[in-house]
Every structure is written in structure tokens, then in C-alpha cells.
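Visitor: I would like to take a close look at one part of this protein, and I would be glad of a careful, connected account that starts from a single residue and works outwards.

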Amino acid sequence: MADRLVISYESRHFADVDWSAKADRWRASFYENGAKVFGTADITRVIPGATPNPREALRQDPGLLDRIPRVIFTEDGGLVPVLAEIRPSLLLLLESVEVSAEWRGKGVGMRLAVEALRRLAVPGALAVCYPAPIHDHGPDEPCSFDSDDPEVRRPDEEAMEKLRRAWARHGFSLLAEGVYARRVEP
């Protein structure tokens, strides 16, 4: 797989803008050697203690990071106690992983996302994710592909459970409120 699939990275840098207005976001693109991109992973990098209040910055520029900032950062931007004890040198917040239809359900996107995180890591880095399907609705709103069943049931609950088990197989463990984390080393 290593010689067949390729990961490339891009990062957007804004002139005259610091982290208090725009997050340090990276996009890893997955493609077969010599072929078109079949998937992406968006990753936000946070340097604890150096990044000005990341919770507030991510409130203004959230991307798809819905739950992660409020679970891992205090209101003033410090790390919650359980993470402060770990003292990570870098936080890699996995915002999203998407692969085209023909690659879904094979675990390839997840393996490539873990590898992308590893490649962006420095010693002492911690990767954080919220395993859930990507939809255009908030966490407490009905899913866009909601069934016709009048009993309101979130149809993505089963998908979330499967994703959580899959991320756990890749070494991620529950931190709080459905947010998972794992140490990653380069």
C-alpha cells in the first residue's frame, strides 16, 4: 500500500492574520500514484501555550470542528486538566476525513488519515478526533437523511458507533463527550 497510495499536504497561510482570526489548517489529499485525488483529511494544528486562545479562535473560525474545542480547551484557551497532565507538545485536531464512494467502507481513508497525522506530528503530539459522519447539520438536529419514521431517531447513531470502534482499533481512546485522542509520533 505504501508505494501505491500517496498523501500530499497543503496549508493555507493568510497575510497579516494571526491565529486569533484564522486556524492553522492543513489538508492531506489521498491519491493513487499518478491518479486523481480520492480523499482528503483536514487537520487543524494547535501549539499548546503558544497558540492564542484556540477555543475562542475556533469559535470564530470553526470549520467542521464542532465538539472538539469545547471538550479539550477551557474557556480561557488552556487545556482541560486531563490533557494538561499529558502535556502534549502539539495538538492535531482531525476535522474531517472524506473518501470517494468507491473507497468507502474499506478503512483506507482512516488508515491514510492516521498516517497523515503521524507525518504532521512532532515528538509528544496528540491527535484528537470526534468520530461521526459528516453532515450539514448540527449535533442536535435531525440528520439530513432522516428516515420516514415519525419517531425521531438519529440515523447516524449506528454509523457513529461503528466509526468509534474503528478509531479505537487505530489506538484512539475516549477522552470525553464522544471525543477520542491518541499520542502520535513522527
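Leaving aside its neighbours within four places in sequence, which residues is Phe38 in contact with?

Guide: Before turning to that residue, please keep in mind that this is a predicted model. Once the neighbours within four places in sequence are set aside, Phe38 is in contact with Leu5, Phe30, Tyr31, Glu32, Glu98, Val99, Ser100, Trp103, Val108 and Leu112.

Phe38 also belongs to the largest nonpolar core, a set of 28 residues in which Phe30, Phe38, Leu92, Trp167 and Phe172 are those with the most contacts inside it. Several elements supply at least two residues each to this core, namely strand 2 (24-32), strand 3 (37-46), strand 4 (90-99), helix 4 (108-120), strand 5 (125-129), helix 5 (157-169) and strand 7 (179-184). Among these contributors it is helix 4 that gives the most, with eight residues. Apart from this core lies another one, of 18 residues, which includes Val71, Val80, Val179 and Ala181.

To place these elements, it helps to step back to the whole chain, which has five helices and seven strands and follows, along its sequence, the pattern β-β-β-α-α-α-β-α-β-α-β-β. Of its 186 residues, 40% count as buried, while the chain exposes about 10,300 Å², with carbon and sulfur atoms supplying 49% of that area. If we take the contacts between residues at least 6 apart in sequence, 66% of them join residues at least 24 apart.

Two pairs of residues show how positions separated in sequence are placed in space. Val97, which lies in strand 4, is 36 residues from Pro133 in sequence, with 9.3 Å between their C-alpha atoms; at 24% relative accessibility, Val97 counts as partly exposed because it does not fall under the 20% that marks a buried residue. Arg119, in helix 4, is 112 residues from Ile7 in sequence and 9.6 Å from it in space, again C-alpha to C-alpha. With a relative accessible area of 56%, Arg119 is over 50% and is therefore called exposed.

Helix 5, another contributor to the core, repays a slower look. This helix has 13 residues and reaches 19 Å from its first C-alpha to its last, which is close to the 18 Å expected at 1.5 Å a residue. Its buried residues include Met160, Arg164, Ala166 and Trp167, and, seen down the axis, the buried residues of helix 5 fall within an arc of 165 degrees, so they line one face of the helix. An α-helix has 3.6 residues a turn, so residues three or four places apart point the same way. The buried residues of helix 5 pack against strand 4, helix 4, strand 5 and strand 7, whereas the face turned away from the buried side carries the exposed residues Glu158, Lys162 and Arg169. Just after helix 5, Gly171 takes a positive phi of about 95 degrees.

Further along the chain come strand 6 (residues 173-176) and strand 7, which run antiparallel and are joined by three bridges. One of the residues of strand 6 that we can follow across is Ala176, whose bridge partner in strand 7 is Val179, and Val179 is among the residues of the 18-residue core mentioned above. The two strands form a hairpin with two residues between them, and Glu177 in the turn has a positive phi of about 50 degrees. Glu177 is partly exposed, since its relative accessibility is 48%.

A positive phi in a residue other than glycine is also found at Arg87, where the value is near 55 degrees. Arg87 lies in the loop between helix 3 (81-86) and strand 4, and it is exposed, with a relative accessible area of 69%.

Another arginine, Arg55, is found in helix 1 (residues 54-60). Because its relative accessible area of 16% is under 20%, Arg55 counts as buried. Leaving aside its neighbours within four places in sequence, Arg55 is in contact with Pro69, Arg70, Phe73, Thr74 and Glu75.

Key
Residues are numbered from 1 along each chain as its sequence is written. This is a predicted model: local features need pLDDT of at least 70, side-chain atom pairs count only at pLDDT 80 or more; totals for chains, interfaces and linings use all residues. Side-chain values use heavy atoms; hydrogens and water are left out. Helices (H or I, at least four residues) and strands (E, at least two) are DSSP runs, numbered from the N terminus. Buried means under 20% relative accessible area, exposed over 50%, partly exposed in between (1.4 Å probe, protein chains only). Contact means heavy atoms within 4.5 Å. Accessible areas come from the Shrake-Rupley method with a 1.4 Å probe; for residues, only the protein chains shown count as cover. A nonpolar core is a set of buried Ala, Val, Leu, Ile, Met, Phe, Trp, Tyr and Cys residues joined through side-chain atoms within 4.5 Å. Two strands pair if DSSP finds at least two bridges between them. The expected span of a helix is 1.5 Å times one less than its number of residues. The arc is that of the directions from the helix axis to the C-beta atoms.
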